[in-house]
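User: I should like a close look at one part of this protein, explained in formal but plain terms. Please then relate that part to other features of the chain.

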Amino acid sequence: MYRHTVDYFKDRPDRRVLINRGFFFNDLPRLTPLCRAFGHKPVVDGYDSQFGNRDRSRWVACGRCGARPEPQGHLDPDQWDVGRPYTGLFNPGQPMSSPTVRKQLAARGFDEGIRLPGAWPAKPTGTVGAQLTLGRSHTLGAGIKVGNRGSEHTLAAHVGLGPLGALFLHTERHGTFLQRWLNPTGYESRVIDIAFHNGRVWWQLWDRRDEHRATDPAWQSGNANIHPAHYLFGERTAEVLEETKTDGTVWMPDGTSYPVTLTLEKWQRGRRRGRKCTTWAISWDCPGGIPVRNDSWKGDNTLGGGFSLPAEAAESRHWPAVACALIAKSCASDRARYDYHPAA
Ligand SMILES: [Zn+2]
């Protein structure tokens, strides 16, 4: 067993963080009491391509702890179905670790022997890793992950305490017994997780970690608003109360003018039973466009978009003039930014 640590703080210094460090315990002997007592339980493992081609493979692994013989074997997919007990022969004495030796043996007709699984590892080991943050952690919640047959991290868990800190744990190969028991087939990890952010609680109950399907039951994942104001004053709304359209003319400081269509919208935002806030928005449309940028290969660009108008202007009958002046100002600023030269 050897240990090493990684200082994540050095990469992302943050004065609200005291410690952000990873701890790794490598080559840690695995606890496999049943396999130690009764021996491993050989089953056929492998995959079939989902794309209908001939990419198939079969090997041997322990159905309890997931350890694989060395080598893992190279079985005939037509004879061995994934998941069934392996009742075939082992060839523990073969010099398997060298691919060159294997090739030479195969060339001399010892093909059968070298396709068999070898000896079980004498001392199965794995890694346990942790990341500890003391101070701001950007995470509030807790969860566990049970990996799949192809996961690098067999099991993982975390707890996040927001500004106080967080702890993440993972195992490599340790806990394969649980993984094979709870999530034996497929290549999708499962999570049980609860998280708090954006005023909501989010949950996942044995949910696939990386994919969601329309057929998934509703309880498997979801979220709910937990902001007190939501229940006291209702949900947040934003609606347009009035809309006024009119024509106007934008006079640029160089004396040119452009006809525009102006739209004034009166917006009301707030909670259904709470205080409301009113704003006005202007959008404008200039069919010919107002040139603000020289573009040798594209011609002059046009400017569009909308911006907000102060209440005092919006409620006055002079709002189109104020809007046109704001448009001229915005276009003049853009001309300065892009160093615009009017065509000769
Ligand atoms: Zn085992």
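Where is the place of H138?

Analyst: The model discussed here is a predicted one. H138 has its place in the loop between β5 (125-135) and β6. The backbone at H138 deserves attention, for phi there is positive, about 60°, although the residue is not a glycine. Most residues other than glycine have a negative phi. As to its surroundings, H138 counts as exposed because its relative accessible area is 64%, and the cut-off for that word is over 50%.

A second residue may be set beside this one. R173 is also a residue other than glycine with a positive phi, in this case near 75°. R173 is found in the loop between β8 (165-172) and α4 (176-182). With a relative accessible area of 42%, R173 is partly exposed.

The backbone has a further feature of interest at a peptide bond. Most peptide bonds are trans. The bond that joins E70 and P71, however, is cis, with omega at about -5°. P71 belongs to the loop between β4 and α2 (99-107).

Let us return to strand β6, which borders the loop of H138. β6 (140-146) is one of the strands that supply at least two residues each to a nonpolar surface patch, together with β9 (190-197) and β10 (200-208). The patch covers about 790 Å², and its members include L140, I144, F196 and W219. Strand β9 gives the most, with three residues. L205, which is another member of the patch, sits in strand β10. L205 is partly exposed, since its relative accessible area is 40%.

On its other side, β6 is followed by the loop that leads to β7 (155-161), and S151 lies in that loop. The side chain of S151 reaches the backbone nitrogen of N148 at 2.8 Å. The side chain of S151 also makes a polar contact of 3.4 Å with the side chain of S189.

Finally, the model contains a zinc ion. C35, H40, C62 and C65 coordinate the zinc ion at 2.1 to 2.3 Å, through SG atoms of the cysteines and ND1 of the histidine. The angles among the four donor atoms run from 99 to 115°, and the site is tetrahedral. Along the chain, the donors follow the spacing C-x4-H-x21-C-x2-C. Distant parts of the chain are linked in this way: C35 in helix α1 (residues 33-38) and C62 in strand β4 (residues 56-62) are 27 residues apart. Both C35 and C62 are buried, whereas H138 is exposed.

Notes:
Residues numbered from 1 in each chain as written. Predicted model: local features only at pLDDT ≥ 70, side-chain atom pairs only at ≥ 80, totals over all residues. Heavy atoms only, no water. Donors = N, O, S within 2.8 Å, 3.2 Å for Na, K, Ca; no water. Tetrahedral: all angles 85-135°; square planar, octahedral: opposite > 155°, others 65-115°. Helix = DSSP H or I, 4+ residues; strand = E, 2+ residues; numbered from the N terminus. Buried < 20%, exposed > 50% of the residue type's maximum accessible area, 1.4 Å probe, protein only. Patch = residues over 30% accessible without salt bridge, like charges linked within 9 Å, V, L, I, M, F, W, Y side chains within 5 Å. Areas by Shrake-Rupley, 256 points an atom, 1.4 Å probe, with all protein chains shown as cover. Salt bridge = Lys/Arg side-chain N within 4 Å of Asp/Glu carboxyl O. Polar contact = N/O pair within 3.5 Å; in protein donor to acceptor, adjacent residues only side chain to side chain.
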